[in-house]
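Here's a quick briefing to read alongside the sequence and the 3D view. Take a look around the model before you start.

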Amino acid sequence: MKKIVLLCASGMSTSMLVRKMKEAAAAEGYECFIDAFSASEAATKAADADVVLLGPQIRFQKQKIADQVPGVPVDAIDMRMYGRMDGKGALAFARKLMND
């Protein structure tokens, strides 16, 4: 089972997107673990993730977070996708980053 971690400044704003992504995964029959955390928890919560998605507001921390989770693909969610809370699109983006 794939583990998808979303990170943002506090872990709160991404929780809505996590819910939408879980709904999209269920609709597709795609089994995965998706959760959101604060960027400050990256080293402990995302070290064993298959992919890490960043909220657009912390995209400037991409390299710092990537250094904390070696070998894990890390990228920022598109601002429009994030603003629309596009769970299906965010899930597709995560799967693309994992080559899944």
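Is Met85 buried or exposed? Met85 is buried, because its relative accessible area is 18% and the cut-off for buried is under 20%. Keep in mind that this is a predicted model. Below are some notes on Met85 and on two other residues, Asn99 and Lys3.

**Backbone angles**
- Most residues other than glycine have a negative phi.
- Met85 isn't a glycine, yet its phi is positive, at about 55°.
- Asn99 isn't a glycine either, and its phi is a positive value near 55°.

**Where Met85 and Asn99 sit**
- You'll find Met85 in the loop between helix H4 (79–83) and helix H5 (87–97).
- Asn99 belongs to the segment after H5.
- With a relative accessible area of 74%, Asn99 is exposed, because exposed means over 50%.

**Lys3 and its surroundings**
- Lys3 is part of strand E1, which covers residues 2–8.
- Lys3 counts as buried because its relative accessibility is 17%, and the limit is under 20%.
- The side chain of Lys3 makes a polar contact with the side chain of Asp48, at 2.6 Å.
- If you skip neighbours within four places in sequence, Lys3 is in contact with Phe33, Lys45, Asp48, Ala49, Asp50 and Val51.
- So which residue should you click on to see that polar contact of the Lys3 side chain? Try Asp48, whose side chain is the partner.

Note on methods:
Residues are numbered from 1 along each chain as its sequence is written. This is a predicted model: local features need pLDDT of at least 70, side-chain atom pairs count only at pLDDT 80 or more; totals for chains, interfaces and linings use all residues. Side-chain values use heavy atoms; hydrogens and water are left out. Helices (H or I, at least four residues) and strands (E, at least two) are DSSP runs, numbered from the N terminus. Buried means under 20% relative accessible area, exposed over 50%, partly exposed in between (1.4 Å probe, protein chains only). A polar contact is a pair of N or O atoms within 3.5 Å; within protein, one must be able to donate a hydrogen and the other to accept it, and residues adjacent in sequence count only if both atoms are side-chain atoms. Contact means heavy atoms within 4.5 Å.
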